[in-house]
Amino acid sequence: MTKKEERLKKQQEKLFKERERLDGMRVYEREYAACGQICGIDEAGRGPLAGPVVAAAVILPPDCEILYLNDSKKLTARRRELLYEEIMEKALAAEVGIVEPQRIDEINILQATYEAMRQAVEKLSVVPDVLLNDAVTIPGLMQKQVPIIKGDAKSVSIAAASIIAKVTRDRMMIKLDATYRGYGFASNKGYGSKAHIEALKELGPCKIHRRTFIRNFTEGSMDAAE
């Protein structure tokens, strides 16, 4: 066997394994296929000290193949960006819901996450029949809901939603970094990195910090850097 043939064989084996992995992530989609349109839902940004929480709702065609689709946390930023474009191109419908820091402080992060998820579902151009959710049941929606623990690694629909939510939020934080300088939002995306916490203590909070998340770091300087 020539080197070219060996390389081709390895590529084919890799492709076979990837398709086999993806087939294993369609278990829930197959189980609920008879119920109608299936929508995957996930969020990004529940844990950061700053910035919005973003939820995504994605409906993929039943025969859709998107290679390397996976939990967004298991992918590189470059891979997420590429998959984002492919998902948006191939999805029957894909939308996001965004809840800002002030609202998070007002109603708490869990309720804000639910609100973002409802926004995403209600904006869809195709009405879903079944919602596959990453671990939660969303109040206030009429559709059948299937909460799946670690669903972004078990369902192609939820994985797609996790990527749309993550890329959308990351892009927002990169833009916000230009407005609120000094906190490193482009790199830390609002999460509590050591450098971010040090900047928060030095500069005080800015308008996109979640006041209910930063009390331990601000020592009463809640109105600084506005």
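Is Tyr 183 buried or exposed? Tyr 183 is buried, at a relative accessible area of 5%; here buried means under 20%, exposed over 50%, and partly exposed in between, with a 1.4 Å probe and protein chains only. Some notes for a first look follow.

1. Ground rules. You are looking at a predicted model, where local features need pLDDT of at least 70 and side-chain atom pairs count only at pLDDT 80 or more, while totals for chains, interfaces and linings use all residues. Residues are numbered from 1 along each chain as its sequence is written, and side-chain values use heavy atoms, with hydrogens and water left out.

2. Overall layout. The protein has 9 helices and 5 strands, where helices (H or I, at least four residues) and strands (E, at least two) are DSSP runs numbered from the N terminus. Going along the sequence, you read α-α-β-β-α-β-α-α-β-β-α-α-α-α. The C-alpha atoms fit a box of roughly 65 × 50 × 25 Å along the principal axes. Of the 226 residues, 48% are buried.

3. Two ends to find. Lys 3 sits in helix α1, residues 3-24, and is exposed, with a relative accessible area of 71%. From Lys 3 to Arg 215 the C-alpha atoms are 61 Å apart, with their positions 212 residues apart along the chain.

4. The aromatic pair. Rings of Phe, Tyr and Trp (its six-membered ring) pair if their centres lie within 6.5 Å; planes under 30 degrees apart count as stacked, over 60 as edge-to-face and the rest as tilted. That rule gives 1 aromatic pair. Tyr 183 and Phe 185 have ring centres 5.3 Å apart and planes at 15°, so the pair is stacked. Phe 185 is buried, with a relative accessible area of 0%.

5. Helix α6. This helix has 24 residues and spans 35 Å from first C-alpha to last, close to the 34 Å expected at 1.5 Å a residue (the expected span is 1.5 Å times one less than the number of residues). α6 is mostly covered, with 17 of its 24 residues buried. At its N-terminal end, Ser 155 acts as a cap: a side-chain oxygen lies 3.2 Å from the backbone nitrogen of Ser 157.

6. The largest pocket. On a 1 Å grid over the protein atoms alone, a pocket is an open set of points where a 1.4 Å probe fits, with protein on both sides within 12 Å along at least five of seven lines, and lining residues have an atom within 4 Å of a point. The largest pocket holds about 290 Å³ of space. Its lining has 17 residues, with Glu 29, Ile 38, Leu 60, Pro 61 and Pro 62 nearest the centre. α2 (27-31) and α6 (156-179) each give at least two lining residues.

7. The second largest pocket. Its volume is about 200 Å³. The lining has 13 residues, and Glu 43, Ala 44, Gly 45, Lys 73 and Tyr 191 lie nearest the centre. Two or more of the lining residues come from each of β1 (38-44) and α6, and β1 gives the largest share, 3 residues.

8. One more helix residue. Tyr 84 is in helix α3, residues 77-90, and is buried at a relative accessible area of 13%. Tyr 84 and Pro 139 are 55 residues apart in sequence and 27 Å apart in space, C-alpha to C-alpha.

Notes
Points joined across faces, edges and corners; volume = space filled by probe spheres on them. Polar contact = N/O pair within 3.5 Å; in protein donor to acceptor, adjacent residues only side chain to side chain.
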